[in-house]
Amino acid sequence: MATLNGLPVDRPAVSFYEIDGSQDPGDHHPLNIYNHPSWRPLIELTRAKTDRIVRRAVPLKDRPADALTALTSVTRTVDGAGHRLVTTAIKAGRRVLTQRTRRDPDVDTVWTLEHFLKDIDDVQAWLDLPAPPLGGAPDTEIILDIERNLGEDGIAMVDMADPLCCVAELFAMSDFTVFAMTEPELFRRMLDKVAPGIYRKTERVAEALPGRLWRIVGPEYASEPYLPPRLFHEYVTEYDRRLVDAIHKSGGFARIHCHGRLMHILDDIVATGCMGLDPIEPPPQGDVELEYVRQKHGDRLVLFGNLEASDIENLPPAEFAVKVDKALREGTSGAGRGFVLMPSACPYGRILSPLALANYELMIEHLERLR
């Protein structure tokens, strides 16, 4: 919290991002990759040595009846290989919009095999669907329970998707980029349909949980090379500014999550009014150095980054150490609001390699030298 507030700290904060110590190696559910013995040392290291940021979405409870629910059917199956398959079908006029997803036992992610929207007729049918109701109260106990369990070991973070994220994920990536480029007016209609509900929910959650850190996901869908910078301003800045305002009005801290190239959209990100930015990927995944962001906007942004998850898994420790030291040097040099040493993501396979564990341990060793 001192880092978020721009106050002096005894050392830079450090987070392992998705690995936040809430993972349960004792949970033997077949989809819990963290019950493999290789993960236990990293989970223990996270709990003992990192500044834990446990992120959770906050749903609304006691919502009024939703007309869309009556039009939606969900089928769940498990195949012989243990894959969890979910098919969601929405009756939209004369069309049926279908999404199929798969979750594999040894990979901690959900693959979308089929997306709801395939063509412009699907988009028109989706636009005609009833909007979700705006009522409901935030289920604050999710965050409060995390905070009780953490004590002084870290903080809870509210996780949310912006309008762009909610709309872009309706399409396959290739279809999204073409549609967002060639049908901007129709795409804005889609954003305008989902935005009111997101704004209202954000306002209610921010009022009920003041002073917390938030992560807003979705802006990267409009980053280069997917879309040109002018569309980032149109599809992200104009919408996310209202989310940031609602969060800051309650004394919270809004952090924008955006992978990839930032050079030509950095000013538009800052124009949302956000107080934090992650993961600030270095070249070649990104196109700006941490030092550049620190010098240009470090007075108003807490910078989270900028280590690549792929480097954690693949670089020999001696080479990874160079990257850790560079991130620490550039993230803390000169004047600035604050810095959190953090990777861009984490491994998501069932078995954590000894090399990855060694590089996580190296992060802590080099950080503690700065005390």
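In the predicted model, the loop between β1 (13–14) and α1 (40–49) contains tyrosine 17. This residue is not a glycine, yet its phi is positive, at about 60°. Most residues other than glycine have a negative phi, and most peptide bonds are trans. Tyrosine 17 has a relative accessibility of 3% and therefore counts as buried, since the limit for that class is under 20%.

Departures of both kinds occur in the loop between β12 (276–278) and α9 (290–297), where proline 279 is found. The peptide bond that joins aspartate 278 and proline 279 is cis, with an omega of about -5°. Isoleucine 280 is found in this loop too. Its phi is positive, about 50°, although isoleucine 280 is not a glycine. The relative accessibility of isoleucine 280 is 0%, so the residue counts as buried. A cis peptide bond also joins proline 283 and proline 284, and here omega is about 10°. Proline 284 again belongs to the loop between β12 and α9.

The aromatic side chains were examined next. A pair of aromatic rings is described by the distance of the centres and the angle of the planes. The structure holds 7 aromatic pairs. One of them is formed by tyrosine 34 and tryptophan 39, with 4.8 Å from centre to centre and 75° between the planes. This pair is classed as edge-to-face because its angle is over 60 degrees. Both partners lie under the 20% limit for buried residues. Tyrosine 34 has a relative accessible area of 9%, and tryptophan 39 has a relative accessibility of 0%. Elsewhere in the chain, one aromatic cluster is formed by Phe171, Phe176, Phe179, Phe187, Tyr221 and Tyr235.

Charged side chains are also placed over aromatic rings. Lysine 193 lies over the face of tryptophan 126, and its distance from the ring centre is 4.7 Å. Arginine 255 has its charged end over the ring of phenylalanine 304, at 4.2 Å from the centre of that ring.

On the surface, Trp111, Leu113 and Tyr348 make a nonpolar patch of about 300 Å². Tyrosine 348 is located in the loop between β14 (338–343) and α12 (354–368). Its relative accessibility is 45%, so tyrosine 348 counts as partly exposed; the range for this class lies between the 20% limit for buried residues and the 50% limit for exposed ones.

The cysteines were then considered. The count of disulfides comes to 0. For cysteine 165, the closest cysteine sulfur is that of cysteine 166, at 5.7 Å. This is too far for a bond, because a disulfide requires two cysteine sulfur atoms within 2.5 Å. Cysteine 346 is likewise in no disulfide, and the nearest cysteine sulfur, which belongs to cysteine 165, is 18 Å away. With a relative accessibility of 7%, cysteine 165 counts as buried. Cysteine 346, at 9% relative accessibility, counts as buried as well.

Definitions and conventions
Residues are numbered from 1 along each chain as its sequence is written. This is a predicted model: local features need pLDDT of at least 70, side-chain atom pairs count only at pLDDT 80 or more; totals for chains, interfaces and linings use all residues. Side-chain values use heavy atoms; hydrogens and water are left out. Rings of Phe, Tyr and Trp (its six-membered ring) pair if their centres lie within 6.5 Å; planes under 30 degrees apart count as stacked, over 60 as edge-to-face and the rest as tilted. Buried means under 20% relative accessible area, exposed over 50%, partly exposed in between (1.4 Å probe, protein chains only). A charge sits over a ring if NZ of Lys or CZ of Arg is within 6 Å of the ring centre and within 35 degrees of the ring normal. Patches are made of residues with over 30% relative accessible area and no salt bridge: like charges are joined within 9 Å, nonpolar side chains (Val, Leu, Ile, Met, Phe, Trp, Tyr) within 5 Å. Accessible areas come from the Shrake-Rupley method with a 1.4 Å probe; for residues, only the protein chains shown count as cover. A salt bridge is a side-chain nitrogen of Lys or Arg within 4 Å of a carboxyl oxygen of Asp or Glu. Helices (H or I, at least four residues) and strands (E, at least two) are DSSP runs, numbered from the N terminus.
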